[in-house]
Amino acid sequence: MNNLDFWIRRIHSLSGVVAIGAFLLEHIFTVSTVIGGPANFDKSVAALASMPFLVPIEIIAIGLPIAFHGILGVVYALKAKNNPTQYGYWNNWMFYLQRITAYIAFVFIIWHVWTLRIVGKAMGGHLIGYDFMHKVLSDPLTFALYVIGLLSSIFHFTNGLWGFSITWGIVAGPRGQRIVSIATMALFVLISSVGLTALTHFVK
């Protein structure tokens with residue numbers, strides 16, 4: 001690995017944690033407000049939409065880094081050699097699932113932004129509130145796709161924290177790696193629980 005590739009891989013790792021992390025956690029937080037009722041969710045969406053310079057911030061701080069991370073991630077995934085059934089150890093399965101969820105999360109984020117932020121808003125001419133999301137998620141197929149996309153995105157982010165900690169030299173040694181692996185899986189369960197609970201509140 002040459003010096004340029006060394007730094008590109010580290011920037012790729014950083015873009016995933018920062019950009020995808022910000023996109024995911026902001027969405028989980030906003031969506032979770034529906035647990036407090038439809039009006040609470042609509043209020044959160046309106047507050048987010050009223051932020052100054054929202055679109056430039058989303059494009060520069062989130063959109064472009066996600067595009068960079070996603071495109072480069074697909075390239076890395078195509079080059080990766082995965083043998084989970086042959087070796088079967090934990091890290092190899094996590095490596096394999098990280099690549100699979102990369103494809104799913106990348107497609108899901110594009111589909112989500114296109115259908116809700118671009119097409120949905122253009123057709124509705126208003127903020128994407130509870131009524132709109134209720135209509136969208138009431139379709140069983142769409143709901144199932146959202147569950148798959150949400151879980152894949154959360155797994156890719158949380159498991160990516162493990163890879164990030166190793167790539168940047170934050171954690172060294174088998175014991176430290178095991179602790180981080182357990183912590184990231186616990187974080188996956190926690191965030192997934194919140195996200196799935198919120199999704200069910202849109203179809204009640």
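Welcome to this structure, where a good place to begin is Arg-99: its charged end sits over the ring of Phe-95, 4.3 Å from the ring's centre. Keep in mind that this is a predicted model. Aromatic rings are the main theme here, with eight aromatic pairs found in a search of the whole structure.

**A pair between two helices**
- The ring centres of Trp-111 and Tyr-146 are 5.3 Å apart and their planes meet at 55°, so this pair is tilted.
- Trp-111 belongs to helix H5 (residues 90–124) and Tyr-146 to helix H7 (residues 140–167), so the pair ties together parts that are 35 residues apart in sequence.
- Trp-111 counts as partly exposed, with 29% relative accessibility, whereas Tyr-146 counts as buried, at 6%.

**Other aromatic contacts**
- Phe-164 and Trp-168 form another tilted pair, with 6.0 Å from centre to centre and 40° between the planes.
- Phe-164 has 16% relative accessibility and is buried because that value is under 20%.
- Trp-168, at 33% relative accessibility, counts as partly exposed.
- Phe-41, Tyr-130 and Phe-202 are linked by ring pairs into a cluster.

**How confident is the prediction?**
- The protein chain has a mean pLDDT of 84, and 89% of its residues reach 70 or more.
- Confidence in the chain is highest in helix H8 (residues 174–201), at a mean of 93, and lowest in helix H4 (residues 84–87), at 51.
- Where pLDDT is low, the predicted coordinates should not be read in detail.

Methods:
Residues are numbered from 1 along each chain as its sequence is written. This is a predicted model: local features need pLDDT of at least 70, side-chain atom pairs count only at pLDDT 80 or more; totals for chains, interfaces and linings use all residues. Side-chain values use heavy atoms; hydrogens and water are left out. pLDDT is the predictor's confidence in each residue, from 0 to 100. Helices (H or I, at least four residues) and strands (E, at least two) are DSSP runs, numbered from the N terminus. Rings of Phe, Tyr and Trp (its six-membered ring) pair if their centres lie within 6.5 Å; planes under 30 degrees apart count as stacked, over 60 as edge-to-face and the rest as tilted. Buried means under 20% relative accessible area, exposed over 50%, partly exposed in between (1.4 Å probe, protein chains only). A charge sits over a ring if NZ of Lys or CZ of Arg is within 6 Å of the ring centre and within 35 degrees of the ring normal.
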